[in-house]
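This report describes strand pairing, nonpolar cores and two helices in a single protein chain. The sequence and structure are shown first.

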Amino acid sequence: MRRVLSILVLIVTVSCVADCGAPDAQRPQPRTGPGQDTAENRPEMPVEPKAPQTVKEGDVWIPPMPSMESIAPSPGWVTSGPDVPPMPITLLRLPRTNISRAKFPAIDFHVHARGLQTSEAYESLIRLMDSIGMGAIVNLNGGTGEDLDAALRAGEPYRDRVANFITFSAEGINEPGWSERFAAEMERAFKAGARGMKVAKTLGQGAKNPDGTFIQADDPRLDPIWAMAAKYDRPVMIHTSDSIGRFYPIGPKNERYEAGLWRRPGDTEGNLYRTGPPHEVIEKARENMHRKHPKTRFVNAHMAMLYYDPQKLAHLLDTYPNADVEISATVQDLGRAPRMWRDFILEYQDRILFGTDGNPNRNADDFWTPHWRYLETYDEYFYHPAQVRTEGGSPGHGRWNISGVGLPDSVLRKVYYENALRHLPSLRPSIEKQLAARGSR
Ligand SMILES: [Zn+2]
């Protein structure tokens with residue numbers, strides 16, 4: 001490392017010789033006039049909020065969330081159009097770990113493998129898994145009824161690598177007898193081999209009551225649903241709430257807009273400011289659900305969407321022993337604060353599961369490898385796993401780079417497979433066999 005530094009110093013010195021000594025006459029002269037960068041027309045730079053008087057110099061404090069008004073665009077603002085500049089290519093020459101496979105057979109608790117209904121589909125998925133070092137996956141798109149039966153039937157020979165979940169559906173929730181009917185379908189699914197249930201963000205911001213209000217996760221009609229999962233001791237993989245930027249006004253100060261969302265005039269798809277419930281309402285209902293059903297094991301997708309506020313996430317995990325979380329689609333945010341999140345993962349190492357939100361069409365270089373790089377290495381400022389890409393190639397979850405948390409092996413094993421095995425004990429022989437084959441038991 002010292003050598004790298006001294007080379008950098010040398011480059012800096014050399015470039016100073018070339019640039020810094022140039023006579024003023026050769027420098028471009030500052031331009032003035034309308035539209036130029038003058039003190040009067042310079043847009044306000046964001047600055048860190050000031051600590052209240054009560055915080056002593058040198059002490060650490062946590063600023064509040066920005067207000068809706070501070071993110072809202074100025075009146076009359078219109079979108080600048082669909083084109084988002086591509087991610088700039090970094091010019092920093094930084095050390096990179098050569099990595100393409102997970103160090104241990106990871107269990108990806110969050111995969112969308114739609115149409116897994118033939119042995120060819122399973123075989124091709126398993127070839128992908130072998131190539132990236134994935135031990136097993138949870139397929140959240142098992143569906144219900146005949147679709148689920150077909151997936152389970154075709155998947156029987158691959159049960160050691162793919163765990164199919166029944167997919168929750170709120171269809172008909174406002175009709176009498178829905179709770180009993182859906183609970184019965186869950187029971188049928190569990191008996192037929194479904195190893196858990198996935199609940200999408202339907203609850204909280206999708207399904208509605210007849211009066212137009214949103215159905216939250218603590219709705220009493222869901223009590224028999226959570227109870228059925230507890231009866232069979234199957235995990236409920238639940239996605240509630242959303243990326244925090246979706247709750248804020250659309251405009252250039254919203255980092256998700258900047259990355260490429262809502263760029264077409266009139267497009268507000270998935271933005272919840274004004275149209276959805278506030279995230280606090282969804283978060284509160286989720287807490288009620290955990291509290292009312294202590295025997296149901298919940299795995300909260302995407303760090304419970306609390307990646308924006310580690311204190312809230314710590315509170316959820318501290319208060320509800322039946323709450324676990326998985327990291328899918330948050331690596332781009334966790335990787336922005338790698339030192340803090342490393343401490344957090346070490347502290348909650350028994351509660352955090354690996355997940356990606358991937359599907360069989362994602363490729364290694366821009367999706368799977370960055371996950372390994374993030375968890376296993378201290379590599380800095382690399383491209384994050386792009387969950388979504390805009391037309392121009394910009395990563396829709398954020399135009400920035402991330403740094404790795406370099407987890408120690410003991411914690412990496414927990415995040416990659418041990419914590420998942422608590423929920424899916426039937427995968428243990430498969431994972432142990434794979435560890436033995438790698439010589440890393
Ligand atoms: Zn997902």
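Two strands count as paired if DSSP finds at least two bridges between them. The model discussed here is predicted.

**Strands S1 and S2**

Strand S1, residues 106-111, and strand S2, residues 134-139, run parallel and are joined by four bridges. Within this pair, Ala-106 of S1 has Met-134 of S2 standing opposite. Between the two strands the chain passes through helix H3, residues 119-132, and the resulting β-α-β crossover is right-handed. S1 is mostly covered, with six of its six residues buried.

**The open sheet**

Strands of a sheet pair through backbone hydrogen bonds, in either a parallel or an antiparallel manner. Here, six strands make up an open sheet with parallel pairing, in the order S4-S5-S6-S7-S8-S9. Its edges are strand S4 (166-167) and S9, each of which pairs on one side only.

Strand S8, residues 323-326, is covered on both faces: Ala-323 and Val-325 are buried on one side, and Asp-324 and Glu-326 are buried on the other. Parallel to S8 runs strand S7 (residues 298-300), joined to S8 by three bridges. The chain reaches S8 from S7 by way of helix H10, residues 310-319, in a right-handed β-α-β crossover. S8 also runs parallel to strand S9 (residues 352-353), to which two bridges join it.

The following table lists residues of S8 with their partners in the adjoining strands.

| Residue in S8 | Partner | Strand of partner |
|---|---|---|
| Val-325 | Asn-300 | S7 (residues 298-300) |
| Val-325 | Ile-352 | S9 (residues 352-353) |
| Glu-326 | Leu-353 | S9 (residues 352-353) |

Val-325 thus stands opposite Asn-300 and also opposite Ile-352.

**Nonpolar cores**

The largest nonpolar core has 82 residues, and Ile-107, Met-197, Met-237, Val-415 and Tyr-416 touch the most other members. Helix H14 (residues 409-423) gives the most to this core, contributing five residues. Apart from this core lies another, of six residues, including Ile-250, Ala-259, Leu-261 and Trp-262.

Tyr-416 touches Ala-102, Phe-104, Ala-106, Ile-107 and Phe-354, when residues up to four places away in sequence are not counted. Among these contacts, Ala-106 is the residue that stands opposite Met-134 in S2.

**Helix H14**

The buried residues of H14 are Leu-412, Arg-413, Lys-414, Val-415, Tyr-416, Tyr-417, Asn-419, Ala-420 and His-423. An α-helix has 3.6 residues a turn, so residues three or four places apart point the same way. At Val-415, H14 bends by about 50°. The 15 residues of H14 should span 21 Å at 1.5 Å a residue, and this agrees with the end C-alpha atoms, which are 21 Å apart.

**Gln-434 in helix H15**

Gln-434 belongs to helix H15, residues 428-438. Is this residue buried or exposed? Gln-434 is buried, because 21 other C-beta atoms lie within 10 Å and the cut-off for a buried residue is 20 or more.

Gln-434 and Gly-135 are 299 residues apart in sequence, yet their C-alpha atoms are 7.1 Å apart in space. With neighbours within four places in sequence left aside, Gln-434 is in contact with Pro-105 and Gly-135.

Technical notes. Residues are numbered from 1 along each chain as its sequence is written. This is a predicted model: local features need pLDDT of at least 70, side-chain atom pairs count only at pLDDT 80 or more; totals for chains, interfaces and linings use all residues. A residue is buried if 20 or more other C-beta atoms lie within 10 Å of its own, exposed if 12 or fewer, and partly exposed in between; C-beta atoms are placed from the backbone. A crossover is right-handed if, with the strands pointing away from the viewer, the path from the first strand over the helix to the second runs clockwise. A nonpolar core is a set of buried Ala, Val, Leu, Ile, Met, Phe, Trp, Tyr and Cys residues joined through C-beta atoms within 7 Å. Two residues are in contact if their C-beta atoms, placed from the backbone, lie within 7 Å. The expected span of a helix is 1.5 Å times one less than its number of residues. The bend at a residue is the angle between axes fitted to the seven residues ending there and the seven starting there.
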